[in-house]
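Here is a quick walk through one structure, moving from its sheet to its cores, its charged pairs and one threonine. Have the coordinates open as you read.

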Amino acid sequence: MKLEKQSIGVFDSGVGGTTVLKEILSILPNENIFYYGDSKNSPYGQKSAEEIRELCYKILDFFIANECKAVVVACNTATAAALDSLKNRYSIPIIGVIDAGVKRALKVSSNNKINILATPFTVSSKAYITKFNKISKNISVTQEGCPEFCTMIETGWETHKDRYELLKNHIDNLSKKADTLILGCTHYPIIREDIEKYFSGKIVDPARETALELYSLLKLSDSLNTSDKKGRVDFFVSGNKERFKKIAEKFLGFEIKNIYSV
């Protein structure tokens with residue numbers, strides 16, 4: 001198969017990566033995409049780095065077997081735990097979401113005081129802080145790990161009666177001086193409207209920057225799909241397929257037809 005016709009692999013621990021997928025479809029509508037939602041093993045944010053890497057290797061092996069031309073790690077936790085080892089292990093281009101979030105936050109922040117909501121793993125890994133420190137030591141970063149949110153979103157955010165109380169408590173732990181909040185988990189844009197009730201500053205969703213980075217990568221490697229036909233999206237789900245479908249369709253705004261259990 002010609003490189004340009006090959007699919008792009010996009011994966012997450014569940015439905016969260018559809019926030020990145022939505023932006024990819026907007027910028028690269030002619031590309032064929034394999035989306036892998038590993039909801040059986042969600043949440044990644046409560047696993048060890050070694051466990052996360054092993055799960056990522058399994059997904060990359062799946063993408064390689066299906067001749068994907070590039071992979072997007074549409075998960076902050078997997079990016080923090082596994083991106084470097086994935087790049088060392090596989091020869092195809094692989095991008096994550098953390099660099100995109102850092103770049104965007106620096107563009108929109110006026111005072112270099114930045115808050116981050118993320119999984120406990122992403123917070124403890126200090127992946128965001130490391131990236132910010134490489135650019136400047138004058139950036140103040142406050143992080144808050146949210147152990148509950150991924151599971152709540154995967155199972156239906158609106159069904160949890162304590163969601164607003166939990167959300168407010170986590171946001172109250174962030175800096176009041178920060179003018180920017182990074183959604184440091186790809187699940188969180190799904191509940192952005194509720195987050196905006198408790199944070200009035202600028203909110204950064206790394207998804208669009210990640211999609212733009214993917215576009216640049218494909219263009220530079222001369223592997224953009226030049227077809228004028230709309231691309232095909234196939235979904236592969238390791239956990240509850242119907243639950244994934246319901247939440248993903250609501251966020252993406254279209255009916256998911258090609259969905260398979262893995």
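What follows is a short report on a predicted model.

## The sheet and its helices

Let's start with the strands. Six of them make an open sheet, paired in parallel and ordered β4-β3-β1-β2-β9-β10. The edges belong to β4 (94-95) and β10 (259-261); each has a single partner strand, so one side of each has no neighbour in the sheet. At the β4 end, β3 and β4 pair in the parallel sense over two bridges, and V72 sits opposite I95 in β4.

Two helices are worth a look here. Helix α10 (residues 207-220) lies across β1 (8-12), β3 and β4, and runs at about 165 degrees to β3. Helix α11 (residues 241-252) also packs on the sheet, where it touches β2, β9 (233-237) and β10. The direction of α11 makes about 150 degrees with that of β10.

## Nonpolar cores

As a rule, nonpolar side chains in soluble globular proteins tend to be buried together. In this model the largest nonpolar core has 50 residues. Which residues have the most contacts inside that core? They are I24, V72, Y188, I195, L214 and F235.

V72 is a handy one to click on. Leaving aside neighbours within four places in sequence, V72 is in contact with I8, G9, V10, F11, V20, I24, I95, T210 and L214. Two of the names there, I24 and L214, also appear among the core residues with the most contacts. There is a second, separate core too, with 25 residues, including F63, I92, I94 and F121.

## Salt bridges

Side chains of opposite charge can pair when their charged atoms come close. The model holds 10 salt bridges, and here are a few of them. E31 pairs with K69, with the closest N and O atoms 2.7 Å apart. E31 is in the loop between α1 (18-27) and β2 (33-37), while K69 is in the loop between α2 (49-65) and β3 (70-73), so the pair ties together parts 38 residues apart in sequence. Are E31 and K69 buried or exposed? Both are buried.

K131 and D99 form another salt bridge, at 3.2 Å between the closest N and O atoms. K131 belongs to helix α6 (residues 127-135) and D99 to helix α4 (residues 98-108), so this pair links parts 32 residues apart in sequence. K131 is partly exposed at 28% relative accessible area, and D99 is partly exposed as well, at 32%.

Then there's E196, whose side chain meets that of R192 in a salt bridge (3.1 Å, N to O). E196 counts as partly exposed at 40% relative accessibility, and R192 is partly exposed at 28%.

## A buried threonine

Finally, have a look at T186, in the loop between β7 (180-184) and α9 (192-195). Why does T186 count as buried? Its relative accessible area is 6%, and the cut-off for buried is under 20%.

What surrounds T186? Not counting residues up to four places away in sequence, T186 touches D12, G16, G17, T19, V20, A74, C75, N76 and V97. A74 offers a polar partner as well: the backbone oxygen of A74 lies 2.8 Å from a polar atom of the T186 side chain. V20 is a contact of T186 and of V72, which brings us back to the core.

Conventions: Residues are numbered from 1 along each chain as its sequence is written. This is a predicted model: local features need pLDDT of at least 70, side-chain atom pairs count only at pLDDT 80 or more; totals for chains, interfaces and linings use all residues. Side-chain values use heavy atoms; hydrogens and water are left out. Helices (H or I, at least four residues) and strands (E, at least two) are DSSP runs, numbered from the N terminus. Buried means under 20% relative accessible area, exposed over 50%, partly exposed in between (1.4 Å probe, protein chains only). A polar contact is a pair of N or O atoms within 3.5 Å; within protein, one must be able to donate a hydrogen and the other to accept it, and residues adjacent in sequence count only if both atoms are side-chain atoms. Contact means heavy atoms within 4.5 Å. A salt bridge is a side-chain nitrogen of Lys or Arg within 4 Å of a carboxyl oxygen of Asp or Glu. Two strands pair if DSSP finds at least two bridges between them. Axes are lines fitted to C-alpha atoms, for helices over the stretch in contact, and angles run from 0 to 180 degrees between N-to-C directions. A nonpolar core is a set of buried Ala, Val, Leu, Ile, Met, Phe, Trp, Tyr and Cys residues joined through side-chain atoms within 4.5 Å.
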